[in-house]
Amino acid sequence: MAISTKFVLRKKRDSEETQFPIMLQIIIDRKNLLVSTRKICAEIQWQPKFQSVAKTHPKHKEINLLLRTIESEVDFMIISYGKQNKRPSFDEIKALVKKLTGGHTEPEKKKLFVLFEEHIAKLKGQNRLGSAESHNSTLKSLKHFMNQKDQDILSIGLPFINRYEQWLIDKGCTIVTRSFYLRTFRTLWKVGIKENYYPETHYPFKDFSFSKYNNPRTKKRAISKEQIELIAGAEIDPENDSLINSRNYFLFSFYCRGLNFTDLAELKWTNIVDGELHYVRSKTKEEFRFRLHPSAAQILDFYKDLKGNSDAGFVFPILYKRHATIQSVRDRKKKILTRVNKQIKELGISLGILKPLTTYVARHSYATTLRRNGISKENIGRSLGHDSLKTTDIYLEDIGDPVLDDLINSTI
């Protein structure tokens, strides 16, 4: 009986895959046998009548040339065997196809959790601990969504991402949190493409709209100058060193132009020069230099000869010589920041401040206090180290623009 061959897409039922393997179907004695060409194609780009991929496929020339070569070589093998009254076996045809496709391998299959874990390990190896933590948080969220069941990347499409987004909404995640998870997921997806685990055409985020996440509104985080003074004047038990430190860190941030907690923790006495604070912001690597506010100088005086001070020259008792690695420094900062935010929030509640307090509130409060007193947005942004006025607007959006309000009201 004659041997017939043709190229087909091998599609799976109830699958979200958008890319399918192109197979050589061989019919011998009414048995259908399939051999992989090690190429893949979207169903919409496959032309079954011509057994080829459409020109819309980015690699249509390469793939079609391979298919025609396989077709020609297999036909030649069948004819050659026929001249000897023989026919090639399936294994012989398979071996020929394998030889022809040896230099054209399809992407290695990779599961989602595995890809995340490998990339997280790589980030940690590069000491990119912040990025590693972001990816790890997103992985935990996805594992919860997927009930801890890993899944091949090629089986994940736009419907999966839409369901994940809805799941985050149903869980009550804020738009900022959803944006964080989805953008990190998208970053990981691009890593997989770069590593050739799946083709560029398998990119479901292409059809996912991020427009609603471009400028998410943040919750109002600032408190008034009067509330700052209320915190500064609150009576705290002198024996409660932990709470005293938490308040001092919060106030020092406010009086030092919204100083970020990471930079605060790394300040050394050598950063204080003739009543000025000199430091390089860790996030932007921008250098800052400004005269200390009297209240900030007073906080520094408290720590100059304090028992239990850092043995590594740091201003505040946060980092010590024992924190000798990047990871230990990061873990220590995270631990202290969690404690500071918890204690300053409790202090605020005891003073009748309903807005939940964090060290970030100090930074926002600094910006809004300046704006209420007529300082331009440009100068506020410059003092905060912003490279875009849009970022400054995020800090100020909860108070409106009092300068503009006064101008309009005085005019009409």
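Thr138 counts as buried in this predicted model, since its relative accessibility is 0%, and anything under 20% falls in that class. The residue sits in helix 4, which runs over residues 129-145. Setting aside neighbours within four places in sequence, Thr138 still touches Phe116, Tyr164, Phe180, Tyr181, Thr184 and Phe185.

Stepping back to the whole chain, the protein has 15 helices and 8 strands. Its radius of gyration comes out at 31 Å, whereas the globule rule for 412 residues gives 22 Å, so the protein is more spread out than a compact globule. The C-alpha trace covers about 100 × 60 × 35 Å along its principal axes. As for burial, 43% of the 412 residues count as buried. Take the contacts between residues at least 6 apart in sequence, and 57% of them turn out to join residues at least 24 apart.

Next come the nonpolar cores. The largest nonpolar core holds 43 residues, and those touching the most other members are Ile231, Tyr249, Phe250, Phe252, Phe316 and Ile318. Helix 8 (residues 241-255) gives this core its largest share, 6 residues. A second core, separate from that one, has 33 residues, among them Leu115, Leu142, Phe145 and Tyr197. Back in the largest core, which has Ile231 as one of its members, what does Ile231 touch beyond its neighbours within four places in sequence? The contacts of Ile231 are Ile223, Arg247, Phe250, Leu251, Ile344, Leu347, Leu351, Ile353 and Leu357.

Then there is the empty space. Rolling a probe the size of a water molecule over the atoms shows where such space is left. The search turns up 3 cavities of 30 Å³ or more, and the second largest cavity holds about 40 Å³ of space. Its lining is made up of Cys256, Arg257, Asn260, Tyr279, Arg281, Phe288, Phe290, Arg363, Ser383 and Leu384. Sorted by class, that lining has 5 nonpolar, 2 polar and 3 charged residues. Strand 8 (287-291) and helix 13 (377-384) each put at least two residues into the lining of this cavity.

Asn260, one of the lining residues, also pairs up in space with a residue a long stretch of sequence away: Tyr360 and Asn260 are 100 residues apart along the chain, but their C-alpha atoms lie 7.7 Å apart. Tyr360 belongs to helix 12 (residues 359-372). With a relative accessible area of 33%, Tyr360 is partly exposed.

Finally, a look at the backbone. Most residues other than glycine have a negative phi. Which way does phi go at Asp274, negative or positive? Asp274 is not a glycine, yet its phi is positive, at about 50 degrees. This residue lies in the loop between strand 6 (272-273) and strand 7 (276-280). Asp274 is exposed, with a relative accessible area of 70%. Lys285 is another case, with a positive phi near 65 degrees in a residue other than glycine. The loop that holds Lys285 runs between strand 7 and strand 8, and Lys285 is exposed as well, with a relative accessible area of 62%.

How values were computed: Residues numbered from 1 in each chain as written. Predicted model: local features only at pLDDT ≥ 70, side-chain atom pairs only at ≥ 80, totals over all residues. Heavy atoms only, no water. Helix = DSSP H or I, 4+ residues; strand = E, 2+ residues; numbered from the N terminus. Buried < 20%, exposed > 50% of the residue type's maximum accessible area, 1.4 Å probe, protein only. Contact = heavy atoms within 4.5 Å. 1 Å grid on protein atoms, 1.4 Å probe; cavity = no way out; pocket = protein on both sides within 12 Å on 5 of 7 lines; lining within 4 Å. Points joined across faces, edges and corners; volume = space filled by probe spheres on them. Nonpolar A, V, L, I, M, F, W, Y, C, P; charged D, E, K, R; others polar. Core = buried A, V, L, I, M, F, W, Y, C linked by side-chain atoms within 4.5 Å. Rg over C-alpha atoms; globule rule 2.2 N^0.38 Å.
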